[in-house]
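Reader: Hi! Could you walk me through a few features of this protein model, step by step?

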Amino acid sequence: MSDTPKPQSDFLRLMTERGYLHQASDLAGIDALALKGELTTYVGYDCTAPSFHVGNLLSIMMLHWLQQTGNKPVVLMGGGTTQVGDPSGKDQSRQMLTLDGIEANKASLKRTFARLLRFGDGATDATMVDNADWLTRLNYIAFLRDVGRHFSVNRMLSMDSVKLRLEREHELSFLEFNYMCLQAYDFVELNRRHGMRMQMGGSDQWGNIVTGIDLGRRMGTPQLYALTCPLITTASGAKMGKSAQGAMWLNADMKSPYDYWQFWRNTEDADVGRFLKLYTLLGLDEVARLAALGGAEINEAKKVLATEATALMHGREEADRAAATAQQTFVEGVTAADLPSVTVPAPEWEAGLGVLAAFVRAGLVASTGEARRQIKGGGLRINDMPLTDDRRVLTEADRVADGAVKLSLGRKKHVLVKVD
């Protein structure tokens with residue numbers, strides 16, 4: 001990473017102070033463009049799922065702060081590159097999606113950006129483009145002649161996304177091998193179409209991004225730049241954005257605002273200050289005050305983190321509702337109507353729903369075997385009472401919470417079972 005004096009631009013100073021900066025191709029050059037408000041920058045997102053997860057949120061936050069400091073953010077949707085599949089960080093080829101599936105995912109993903117970016121026609125308003133607009137129109141022979149000749153296979157083989165797959169003797173398709181060429185070409189095409197000067201992304205994208213810079217130099221663009229954020233892990237080493245129930249999705253229909261709030265509320269003590277900087281819009285003075293809290297008071301900081309992070313994705317009303325539900329459930333000891341719930345058809349209930357199946361249905365455990373282990377350890381409760389009999393069947397007498405049964409894993413995970 002280039003070395004430079006203290007940043008002069010608000011953008012680079014903020015990237016540094018809040019912990020977003022991991023690598024940069026030329027800090028002085030980036031700083032100079034940002035200072036003039038000319039740092040038009042993009043991040044690319046493939047359409048591999050209908051929702052982003054917390055792991056994607058960091059780069060979206062970076063685009064937010066780029067706009068807030070007077071520069072133009074561009075969101076690149078990978079309608080074209082999703083048809084190929086990025087091999088970075090993967091031991092196996094990604095599942096091939098249909099074109100209809102890609103379009104459906106893209107439409108769903110677009111909603112996330114409106115919460116953190118201001119779109120419009122102004123100089124610093126965000127723009128969204130799709131690389132399918134140019135990639136699907138490429139002539140293969142012309143692309144090989146005009147663009148492919150600038151790529152060194154020797155260098156491509158040294159990229160982590162390729163090298164790690166080959167070292168582990170896992171198959172890398174020719175289709176995937178071409179991904180870095182397409183991503184690099186995106187950078188050149190975006191510069192020509194939209195005056196793009198910088199690409200941002202996670203640190204696992206560093207090789208692909210600087211390949212685009214090199215391609216731009218060979219194809220006559222102005223100097224291009226790269227900036228990456230770190231891949232975030234928790235203090236205990238866990239990958240950010242993962243929970244016991246899988247990925248922490250941003251869409252409310254895939255992960256409820258309450259579950260999202262709980263994810264942040266369960267942040268490890270050592271991570272609170274760092275996550276307040278990265279995942280909320282709170283000022284740094286307030287972050288410092290909250291991070292300095294010790295003992296039991298750190299839980300108040302965690303609640304602030306949970307509420308502010310949830311408000312960003314789901315709105316202030318949903319965030320406050322989630323906080324109130326948690327307060328009622330954990331502090332006041334009552335069953336809150338806004339707890340996550342699952343519905344069991346009446347015939348299935350009447351036939352007899354065993355507790356093991358109920359906890360699996362609720363998503364609190366992954367299998368009946370795990371449920372049995374949790375029962376032996378005293379980890380499962382029904383209506384706040386410890387469950388000791390793994391052969392027990394839920395009955396009408398258990399429906400005490402407004403006609404629902406409250407299932408709990410530990411002290412912090414609760415789901416209502418309702419009968420349809």
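Author: Happy to; the questions below look at aromatic rings and then at a strand in this predicted model.

Reader: Which kind of aromatic pair do Trp264 and Phe275 form?

Author: Start with the angle, as planes over 60 degrees apart count as edge-to-face. The planes of Trp264 and Phe275 stand at 90°, with 6.1 Å centre to centre. That makes the pair edge-to-face.

Reader: How many residues apart in sequence are the parts that this pair of Trp264 and Phe275 ties together?

Author: Look at where each ring sits: Trp264 is in helix H12 (residues 257-265), while Phe275 is in helix H13 (residues 272-279). Trp264 and Phe275 are both buried. Because the two rings belong to these two helices, their pair ties together parts that lie apart in sequence by 11 residues.

Reader: Is strand S14 largely enclosed or open?

Author: Strand S14 covers residues 405-409. Val405, Leu407 and Leu409 point one way, Lys406 and Ser408 point the other way, and all are buried. Since five of the five residues are buried, the rest of the structure leaves S14 largely enclosed.

Reader: Which residue of S15 stands opposite Val405?

Author: S14 and strand S15 (residues 413-419) run antiparallel and are joined by five bridges. Following the strands across from Val405, you arrive at Val417.

Reader: And which residue takes a positive phi in the hairpin of S14 and S15?

Author: This hairpin has three residues between its strands. The positive phi there is near 65°, and the residue that takes it is Gly410.

Key: Residues numbered from 1 in each chain as written. Predicted model: local features only at pLDDT ≥ 70, side-chain atom pairs only at ≥ 80, totals over all residues. Heavy atoms only, no water. Phe/Tyr/Trp six-rings, centres within 6.5 Å; stacked < 30°, edge-to-face > 60°. Helix = DSSP H or I, 4+ residues; strand = E, 2+ residues; numbered from the N terminus. Buried < 20%, exposed > 50% of the residue type's maximum accessible area, 1.4 Å probe, protein only. Pairing = 2+ DSSP bridges.
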